[in-house]
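Please keep the viewer open while reading, since each stop below suggests a selection and then describes what is found there.

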Amino acid sequence: MNTENAHPDRAALSEVGPGVHAWFQPDGSWWINNAGVVFGDDGAVLVDTCATAERTRRFLDAVRAAGGDAPIRFAVNTHLHGDHTHGNALLPTSTVLIGHPATRDGILADTVLADPPPVWEPTPVWGITEHRAPTVLVRDSLTLDIGGRLVELHHPGHAAHTEGDVVAWVPDAGVLFTGDLIFHGVTPLVFMGSVEGALKSLDWLAGFRASSVVPGHGPVLPGLSFPRVLEDQARYYRFVLDTARQARTDGLSPLEAAQRCDLGEFANWPDRERIVLNLHRAYADVDETEVDLVAAFADAVTYNGGPLRAAV
């Protein structure tokens, strides 16, 4: 990733449906996520927070500017990764935090805040020292009511980006917050989920018939563009699976497979080194084992020719 293109300080809150706002942080690469807020008559529902205290405070300030005194009644974590969850610690104590059981477990087990691995350069300045995890758990579906406005939370029923992915669907506005089931114009990452499952989830997402889609990373997109983005991402996952099958037949490691393959149409997506992590996932899925995260990231650093670039 080229950090010259990463500008989380240019993040903005934009209305994507009546009373529904997306928080887009360009350019959506490592540690630079999207989030959002849904306003109802008696409060608000946040969808995710941000990686650092500075970015989360900027997001919360924008929410207050848009919603006035509306209390943040609920906050939903779409999955466990810190770019979407570290900022939980800055939410009001009265806010009820919601997520999948696997998301709660992953947040509580995470060590990145206290002991960040020497993978990213520079290491983001977290400004946060303690995790806050969901206390209300959604295994399949859950509907929130904020003054008569409904926000539906749904799990795809299988591992995809992670084991605990949850989308937030606002049916009266036709807005879908996908979390990291969708990376718009950014290389997808599935090292803690399933490549096959991530591919399968795309058909499930298409079924929401959204008029506006807020991806976990990358620009917000209108519903008319969603089928194209789904197909782009499907082609990438099929590319990963085909590369893994041929490389295993040829006796190559995930790193060797990544070094040999031609990324083609995906070469210009930010964070191209994720091919290594995704191949580790594809190999592990076939072998029915867990990914060795230390080895996988070490291979990604080797492939990248040095630490992975992150925005502070």
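In which helix is the place of Asp 299? Select this residue in the predicted model, and the ribbon around Asp 299 will be that of helix α8, which covers residues 293–304. Asp 299 is buried yet takes part in no salt bridge, and the nearest side chain of opposite charge, that of Arg 248, lies 13 Å away. If neighbours within four places in sequence are set aside, the residues in contact with Asp 299 are Leu 255, Val 276 and His 280.

Next, zoom out to the whole chain. The protein has eight helices and 15 strands. Its radius of gyration is 18 Å, close to the 20 Å that the globule rule gives for 312 residues, so the protein is as compact as a globular protein of that length. The C-alpha trace spans about 60 × 40 × 35 Å along the principal axes, and 59% of the 312 residues count as buried. Among contacts with a separation of 6 or more, 68% are made by residues 24 or more positions apart.

Now select helix α5, residues 226–249, whose 24 residues reach 35 Å from the first C-alpha to the last, close to the 34 Å expected at 1.5 Å a residue. After α5 comes Gly 251, which has a positive phi near 75 degrees.

Staying on this helix, show the side chains of Asp 232 and Arg 235, which meet in a salt bridge with an N to O distance of 2.9 Å. The two residues are three apart in helix α5, and therefore about one helical turn separates them. Asp 232 is buried at a relative accessible area of 18%, whereas Arg 235, at 29%, counts as partly exposed. Adding Arg 228 and Glu 265 to the selection completes a network of salt bridges that links these residues with Asp 232 and Arg 235.

Further along α5, select Arg 245 together with Glu 196, whose side chains form a salt bridge of 3.7 Å, N to O. This pair links distant parts of the chain, with Glu 196 in helix α4 (residues 195–206) and Arg 245 in helix α5, 49 residues apart. Both ends are partly exposed, Glu 196 at 42% relative accessibility and Arg 245 at 47%.

For the last stop, move to helix α7 (residues 274–287), where Asp 285 and Arg 281 are four residues apart and thus separated by about one helical turn. Their closest N and O atoms are 3.0 Å apart, in a salt bridge. Asp 285 is partly exposed at 28%, while Arg 281 is buried at 6%.

How values were computed. Residues numbered from 1 in each chain as written. Predicted model: local features only at pLDDT ≥ 70, side-chain atom pairs only at ≥ 80, totals over all residues. Heavy atoms only, no water. Buried < 20%, exposed > 50% of the residue type's maximum accessible area, 1.4 Å probe, protein only. Lys, Arg positive; Asp, Glu negative; His and termini not counted. Salt bridge = Lys/Arg side-chain N within 4 Å of Asp/Glu carboxyl O. Contact = heavy atoms within 4.5 Å. Expected span 1.5 Å × (residues − 1). Rg over C-alpha atoms; globule rule 2.2 N^0.38 Å.
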